[in-house]
Amino acid sequence: MALALNEEQQLLKDTAREFLAEHAPVGALRKLRDEGDETGYSSALWQQMSELGWAGIVLPEAYGGLDFGYQGLGAVIEESGRTLTASPLFASVVLGASAIELCGSEAQKTALLPKIAGGEMTLALALEEGPHHNPLNIATTAEASGDGFVINGDKTFVLDGHSADTLIVVARSAGNNPGSDGLSLVLVDADTAGVTRTRMMMADSRNAAQINFSNVKVAADQILGDAGDAWPALEKVLDRGRICMAAEMLGGALECFARTLDYLKEREQFGAKIGSFQALQHRAAQLYADLELSKSVVIDALAAIDEGRDDLAVAASHAKAQLNDIYIHATNEAVQLHGGIGVTDELDLGLFMKRARVAVQILGDSSYHTNRFATLNGY
Amino acid sequence: MSKHETFRQETREWLAQNCPQSMRTPVAPEGLVWSGRNKTWPSADAKLWFERMRDRGWTVPDWPAEYGGGGLDPVQSDILKQEMKQLGCRAPLMDLGIWMLGPALLEHGSEAQKKEHLPKIARGEIRWCQGYSEPNAGSDLASLQTRAVDQGDHYLVNGAKIWTTFAHLCDWIFCLVRTDPGASKHNGISFLLIDMEQPGVSVSPIPLISGESEFCETHFDNARAEKHNLVGGLNRGWTVAKSLLIHERKMMSASNDSGRGAQPDMIGAARRAFGSDAAGKLLDANYRRRIASHKMRSRAVALTGKRLFEEQIAGSGDGKAGLTMKMLGTEEKLRGDELLIALLGSAGLGWEGEPFDPEVLAFTRNWLFNKALTIAGGTSEVQRNVIAKRALELPQ
């Protein structure tokens, strides 16, 4: 059955919720923020998450993974959205490992995927070159030079870009910009000469970086697959990313709703619980209904990955567009229904509100995905 | 092959062989087969299709065979639905008995009541209507005042029901009546089945904005109801009423238009009105965005229906989300209708005759009729009250 979790998946979800509540509650992100942590996530926590198998959850068994599928990973990511857990799970496992799995040669997969599955290596996808998601706008170049290539260009908003061991750079080795022809994915060790990384402190206290590539020399075998042919695989990688980001956003929105519902049941004004007021009941009921729709869209999109469906792109754009809208709405409602205390830093809601805005921009806002949904459907 | 895969295969073959070609096309209201003592047949094929389905118990596929049903389990029943949709089969028979009363009787009826009424519903012999709302009891349904007074061997019924859909064409009515005026309002209500073919029952259709009169007002003036037709126990009608409302809302949330005519093509209408480029992209960015938003939300509603069904089969989920579906399904349906009307422009607002496209005229009337969907069976506002109370358990 595609749209209901099976027992194993449900068990994984429950385990993830318990683990994250104990080891990585929202307070953990607050601590990373307040202490100005340099990595931006806890390496010890990532080690524990890897020991639980989460780093290899979707990777094939042949490469040290569990081959458990995206519905399983999606359940874990949804739970990590409830706790706003900072970890390399998204950048390294969803984006990085997928790029290697879908685009890399057998030798590259054999060399790299087991390290990712074991949590020994972290990746970041250096994609964006501006403040709006636009995967076809790639001015960064990978020019053939001698036996290898030379990379030049500027990347921005690279998730986990300041901390990852290895960068996967989307670069143009042919074709006109913007365009899908001639794009390559290039593995670049973060310590390579000519790579300059600057951390970007974002409102959500999570991790992003600006990266400059100045005459960075790479060997031919650092190109994933064939030079210039990366787009079809990259598009699938991005769709997986959009769907998993939607799963995180679902978790965040559900958490905001749960906290708001608790508040409506305990806060008293005018001599009554405020949850007894019909004006607020109707807002809560509508939000609940919209969240139920969102759950269905996300789990269907995760199933589309696992089942290799040909409507993956449609499902991905639908999921990202819908969760963009609902996460913003759910955080706005949560703050408004909490009243004044909702805008204090003491309450966690502000952290969700900021995360929602950053998450919306990751791999496409609603305008981008509504447009893509229409195009994919032929209008 | 699993049991259900075999069933799917057999069902697909049977439908392909037995569903007449003309029953695989979109149907206008006048092409539908309704139950009743005095049935009319829109065509010979419609009669044949009804009879073939009836003989398999597939007018009510998931009812037990002993009451005239097909005896299918929920998964088989869903497979049949999917296969019929795949082939474009029309529903063989329409009736509130099938959708609402039958399921409530299966749950709350006595053995004798089931044996008496269910097979007649399955065979399309009796057409039922619903007597719930009253002129002064709409959203506040439990304030209803129609009285049923115990006369020893029968009840004497007096009062008025409103929005009794198609009552002028119906044979029997299932009613909520007050049997204990002294009790608190939910506790003095009983669920009563009344034969409408008697002098004490009169029906007057109410003209609607769609120009049709599908809804009626039904008056009871010393009407008679047999005692054995009181369902679920004396003064315990509210329980039956709520269970029946769940079936009604489920029916209304299903965002299909089977039985209400063909739907004009939304994207085609936008292309004709505003044009599209060589790749097929609509040139009007605003309408393009509205269409995509509507299509996404419709897709989400359909996926949610599917997810809740799967969770129910698997025994996972808390089942409370089902309370949202009537509101979500009907509201999105209306949003789609409004969008299509806007895309058709003035051509979507023709009322009758030349030079209008008959299909568009039918759609326009249908849209006006559909305005009732977010009101009937509990308004969207009542749905939000119910969600707040039962799903969210907010303080009352």
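**Helix H4 of chain B and helix H8 of chain A**

The buried residues of H4(B) are B:Leu96, B:Gly97, B:Ile98, B:Met100, B:Leu101, B:Gly102, B:Pro103, B:Ala104, B:Leu105 and B:His108, where buried denotes 20 or more other C-beta atoms, placed from the backbone, within 10 Å of the residue's own (exposed, 12 or fewer; partly exposed, in between). The model is predicted: local features need pLDDT of at least 70, side-chain atom pairs count only at pLDDT 80 or more, and totals for chains, interfaces and linings use all residues. Residues are numbered from 1 along each chain as its sequence is written, and chains are lettered from A and ligands numbered from 1 in the order in which they are written.

Because ten of the 13 residues of H4(B) are buried, this helix is largely enclosed by the rest of the structure. Its cover includes helix H5 (111-122), strand S4 (172-178) and helix H6 (237-253) of chain B; helices (H or I, at least four residues) and strands (E, at least two) are DSSP runs, numbered from the N terminus. H4(B) bends by about 35° at B:Gly102, and the proline B:Pro103 follows within four residues. The bend is the angle between axes fitted to the seven residues ending at a residue and the seven starting there.

In chain A, 22 of the 29 residues of H8(A) are buried. A:Ser296 lies in this helix, at residues 278-306, and is buried, with 23 other C-beta atoms within 10 Å. Beyond its neighbours within four places in sequence, A:Ser296 is in contact (C-beta atoms, placed from the backbone, within 7 Å) with A:Leu3, B:Ala300, B:Leu303, B:Thr304 and B:Arg307.

Note on methods: Contact = placed C-beta atoms within 7 Å.
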